[in-house]
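Q: Please give a close, connected account of a single part of this model and of what surrounds it.

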Amino acid sequence: MLAKRIIPCLDVKEGRVVKGINFVGLRDAGDPVESAQRYSAGGADEITFLDITASHENRRTLFDLVDRTASTVAVPLTVGGGVRERRDVSELLHAGADKVSINSAAVSNPELIREMAEAYGAQAIVVAIDAKRVPGAADRWTVYTHGGRRDTGLDAIAWARQMADYGAGEILLTSMDRDGTQDGYDLLLTRAVVDAISIPVVASGGVGTLGHVHEGLEAGGADAALAASIFHDGHYTVAEVKEYLLDHGVCVRPPERD
Amino acid sequence: MTAGRVAIVDLGLGNLHSVAKAFERAGAAAELSADPDVLLRADRLVMPGQGAFRECAHALAGEVGEAVRTWIASGRPYLGICLGMQALFDESDEAPGEKGLGIFRGAVRRFATDLRDAQGRKLKVPHIGWNQIESRHPVFENDEWYYFVHSYYCVPADESLVVAMTDYGGPFCSAIARDNVLACQFHPEKSQHAGARLIGHFLGDVAWS
């Protein structure tokens, strides 16, 4: 039976790990390669890097980082942030990323997703959706881009469906309302997207407790749970998350004991 | 036997960086190549899989495919990964009319579109993520988890080739072994410790036939 995945996410800026609280107030938290190795050894099913380097000129630093990580870490690596065009996708894949996550560029040019899925296979193309609840609406969310600064007005559910139709292999769904709050995933949002499409959904934004991870995978129905701060701050290890999930009947790949 | 030189067949269908690195971490000298001379000079041959069956079949239609056939006939160790397993068979649903290497009789089939798990929940295709194998073969570990990314799976005509099965809406063949040929549908290079152990077995002395 296919396991639910636990994915530590590392926000990376100019080759170093940072942590975003609602996308502001970043602080340095170390070397991404070392962190990725530690997570992988601890049982992470996949590692995600989100590059928030402002300048496109500093991309070499990211490619080098991806290359060094892919050389030492034997689990799949997803890289996103600042992916604007075909060349960005191909350079990241060639540097050793298994999947490339595309956010704003998918909104400005949806055809890019179709082209990239045809060129590299759907499994390599992740569409990242930053969704925020429409004020006053119980079950409507719109898509935000540019690191959460711009409301596109696009309905998040319809957008997820469109991206799945265009050939995206997976949706990385972040709740902007919950990101950095540690109040738990937005389960309504997660469930709505999971029910709307037939490609995997990675839940993101808001994990503070072990119970939140469980909720995201069960009530939310996500295929994978992505989290940053609970791991970076040392609240929980990946192994602890997995032991908890196994105790609660969720199918995950057990952490190795070696 | 030492790990020696491992030639990795590079059909130009994707990034094989992580495959090469996985063998280097295991102590082998890994070389990516599409040159038959280079391939045939190695101690072990690995054919990883990325991309689509059609492009793979085209890439194997010429001298590279001949080199792989020659290699396998020579009795030296071969490891096929994903498409490198599928290419050993006659044909695939993915590209009707295209010929695989035909080392073994059988076909590559697509997962059904209405695939469901034991609880009746709809399963997604491609099958992406970590799944378990059931195996009694010495190089694999029963119940061990490996990383899969695929929509197609091999159906060997000779069932005795099958050495591992995996459940995804029903059992499918996730590894085969015969004489000097070992092949798996999953990706050992992405399967952390379990994958590293498998690569170690391939490079080591464990007999797999």
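A: Helices (H or I, at least four residues) and strands (E, at least two) are DSSP runs numbered from the N terminus. The model is predicted, so local features need pLDDT of at least 70 and side-chain atom pairs pLDDT 80 or more, while totals for chains, interfaces and linings use all residues. Residues are numbered from 1 along each chain, chains are lettered from A, and side-chain values use heavy atoms.

The part chosen is the loop between E8 and E9 of chain B, where Glu144(B) lies. Glu144(B) has a relative accessibility of 16% and therefore counts as buried (under 20% relative accessible area with a 1.4 Å probe, protein chains only; exposed is over 50%, partly exposed in between). Residues up to four places away in sequence apart, Glu144(B) makes contact (heavy atoms within 4.5 Å) with Asn131(B), Gln132(B), Ile133(B), Ala194(B) and Arg197(B), and across to the other chain with Glu256(A).

The aromatic residues extend this picture. Over all chains, the structure holds 12 aromatic pairs (ring centres of Phe, Tyr or Trp, the latter by its six-membered ring, within 6.5 Å; planes under 30 degrees apart are stacked, over 60 edge-to-face, the rest tilted). In one of them, the ring centres of Phe23(B) and Phe202(B) are 6.3 Å apart and the planes stand at 85 degrees, so the arrangement is edge-to-face. Phe23(B) belongs to helix H1 (residues 17–25) of chain B and Phe202(B) to helix H6 (residues 192–203) of chain B; the pair thus links distant parts of the chain, 179 residues apart. Phe23(B) and Phe202(B) are both buried.

A further pair involves Phe140(B) and Phe186(B): with centres 6.0 Å apart and planes at 85 degrees, these rings are likewise classed as edge-to-face because of the angle between them. Here Phe140(B) comes from the chosen loop, between strand E8 (134–135) and strand E9 (145–150) of chain B, whereas Phe186(B) comes from the loop between strand E13 (181–184) and H6 of chain B; distant parts of the chain, 46 residues apart, are again linked. Both partners, Phe140(B) and Phe186(B), are buried. Phe140(B) and Phe186(B) are also members of one aromatic cluster, together with Phe111(B), Tyr146(B), Phe148(B), Tyr153(B), Tyr168(B) and Phe172(B).

Helix H6 of chain B deserves a further remark. Gln192(B) is placed in this helix, and its phi is near 45 degrees, a positive value in a residue other than glycine. With 6% relative accessibility, Gln192(B) counts as buried. Ala194(B) and Arg197(B), by their numbers, fall within H6 (residues 192–203) of chain B, and both are touched by Glu144(B).

Backbone geometry also calls for comment elsewhere. Most residues other than glycine have a negative phi, and most peptide bonds are trans. The peptide bond from Val125(B) to Pro126(B) is cis, with omega near 10 degrees. Pro126(B) sits in the loop between strand E6 (106–110) and strand E7 (127–132) of chain B; Gln132(B), one of the residues that Glu144(B) touches, is by its number the end of E7 (127–132). In chain A, Gln182(A) is not a glycine, yet has a positive phi of about 60 degrees. Gln182(A) is found in the loop between strand E10 (170–175) and helix H7 (187–196) of chain A, and its relative accessibility of 29% is why it counts as partly exposed.
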